[in-house]
Amino acid sequence: SAAAAAAASTTGHSSPSPSTTATTTTGNVLCMISVLDTVWLGTTDWEIKIVSTLTGSIEHKLEGHTASVPHLLHVGAHVWSASTDRTLRLWDVRTYDCVKIINAHLDGPPIDCLAMVGNRVWSCVGKSIFIWTASGIIEHCWRMIGESREYIADLDGRFRRLDEKLSNSEKDRKRSKHEAEQFRRKLEKKAAECNKLKNEADLLSGEVNAAERWKSKSHMQQVVFASTLAAAQDTIRRLEDVHDRKDSEMQKLRTDL
């Protein structure tokens with residue numbers, strides 16, 4: 001339309017054609033932000049959908065949250081998402097990978113809002129404001145009403161310890177993964193050794209079977225030889241009997257003569 005062309009000439013970006021603007025989502029859109037040449041949508045179906053500003057179509061769906069995603073914030077190389085599952089997630093704007101999960105709000109109500117203040121990220125939960133570094137490290141926690149500074153400092157320390165615990169848990173996970181990989185390699189080595197032994201056992205079994213066949217054949221040969229020998233001996237006895245009879249007959253003839 002003429003209005004769309006005028007808007008495109010004003011902003012310097014072309015609008016998606018009408019045939020490619022049918023962006024569909026099963027949930028309602030709760031928030032959206034512009035990131036590079038995409039628009040990120042937080043929805044009620046637990047996903048973050050990334051829409052191309054060139055085509056108007058959904059290019060990626062980021063999963064991980066277990067509830068609606070009402071808040072998104074672009075911070076440098078990452079997009080922060082706040083969900084009613086009471087977690088914060090940091091997403092890489094290039095690879096779309098989830099690079100960090102922050103569980104510091106699990107004990108309280110859902111996160112109300114996110115804001116960029118200077119080079120820090122502020123998250124609001126009820127009467128509390130949490131201040132994070134751009135990489136997701138907790139720095140401060142403020143209570144707006146009815147809490148002493150001592151409690152605030154203690155709360156801040158608690159979340160620092162929680163972040164350290166989460167960091168240590170990640171190190172333990174990586175260590176466990178490394179140990180599991182080493183154990184897997186040992187198992188593969190043992191399996192290879194077992195296969196080698198099995199092959200050797202199969203070879204020995206073949207040799208034993210061959211020896212058994214030879215033994216059986218040899219036994220048959222011995223039986224045949226014994227039978228032949230017995231037959232020969234019987235023949236010799238018969239010939240000796242014949243010889244003895246002939247000799248007796250010769251003796252009688254000599255006597256008669």
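## Cysteines

Cysteine 113 is partly exposed, with 36% relative accessible area (buried means under 20%, exposed over 50% and partly exposed in between, using a 1.4 Å probe and protein chains only). This is a predicted model, in which local features need pLDDT of at least 70 and side-chain atom pairs count only at pLDDT 80 or more, while totals for chains, interfaces and linings use all residues. Residues are numbered from 1 along each chain as its sequence is written, and side-chain values use heavy atoms, with hydrogens and water left out.

How many disulfides does the structure hold? The count is zero, where a disulfide is a pair of cysteine sulfur atoms within 2.5 Å. Cysteine 113 is in no disulfide, and its nearest cysteine sulfur belongs to cysteine 124, 4.4 Å away. Seen from the other side, the sulfur of cysteine 124 has its closest cysteine sulfur in cysteine 113, and the 4.4 Å between them is too far for a bond.

## Overall layout

Let's step back to the whole chain. The protein has two helices and 12 strands; helices (H or I, at least four residues) and strands (E, at least two) are DSSP runs numbered from the N terminus. Along the sequence the pattern reads α-β-β-β-β-β-β-β-β-β-β-β-β-α. Of the 257 residues in the protein, 26% are buried.

One spot to look at among the strands is isoleucine 58, which sits in strand E4 (residues 58–62). Isoleucine 58 counts as partly exposed at 24% relative accessibility. Its C-alpha is 9.5 Å in space from that of tryptophan 40, and the two residues are 18 apart in sequence.

## Two loops with positive phi

Backbone angles are worth a look here too. Most residues other than glycine have a negative phi, and most peptide bonds are trans.

Arginine 86 has a phi near 75°, a positive value in a residue other than glycine. You will find arginine 86 in the loop between strand E6 (78–82) and strand E7 (88–92), where it is partly exposed at 28% relative accessibility. Tyrosine 96 also carries a positive phi, about 65°, although it is not a glycine. The loop that holds tyrosine 96 runs between E7 and strand E8 (98–102). Is tyrosine 96 buried or exposed? With 17% relative accessibility, tyrosine 96 counts as buried.

## Salt bridges along helix H2

The model has nine salt bridges, each being a side-chain nitrogen of Lys or Arg within 4 Å of a carboxyl oxygen of Asp or Glu. One of them joins the side chains of lysine 190 and glutamate 193, at 4.0 Å from N to O. Both residues belong to helix H2 and lie three residues apart, about one turn of the helix. Lysine 190 is exposed at 52% relative accessible area, whereas glutamate 193 is partly exposed at 37%.

Lysine 198 pairs with aspartate 202, with the closest N and O atoms 3.3 Å apart. Why are these two separated by about one helical turn? Because lysine 198 and aspartate 202 are four residues apart in helix H2. Lysine 198 is partly exposed at 49% relative accessible area, and aspartate 202 is partly exposed at 42%. A further salt bridge links arginine 238 with aspartate 234, the closest N and O atoms being 2.2 Å apart. Arginine 238 and aspartate 234 both lie in helix H2, four residues apart, or about one turn of the helix. Arginine 238 counts as partly exposed at 47% relative accessibility, and aspartate 234 as partly exposed with a relative accessible area of 30%. Glu181, Arg184, Arg185 and Glu188 are joined into one network by salt bridges that share partners.

## A negative patch

Which residues form the negative surface patch? They are Glu240, Asp241, Asp244 and Asp247. Patches are made of residues with over 30% relative accessible area and no salt bridge, with like charges joined within 9 Å and nonpolar side chains (Val, Leu, Ile, Met, Phe, Trp, Tyr) within 5 Å. Accessible areas come from the Shrake-Rupley method with a 1.4 Å probe, and for residues only the protein chains shown count as cover. Lys and Arg count as positive and Asp and Glu as negative, while His and the chain ends are not counted. The place of a charge is taken as NZ of Lys, CZ of Arg, CG of Asp or CD of Glu.

Aspartate 247, one of the patch residues, lies in helix H2 (residues 149–256). With 40% relative accessibility, aspartate 247 counts as partly exposed.
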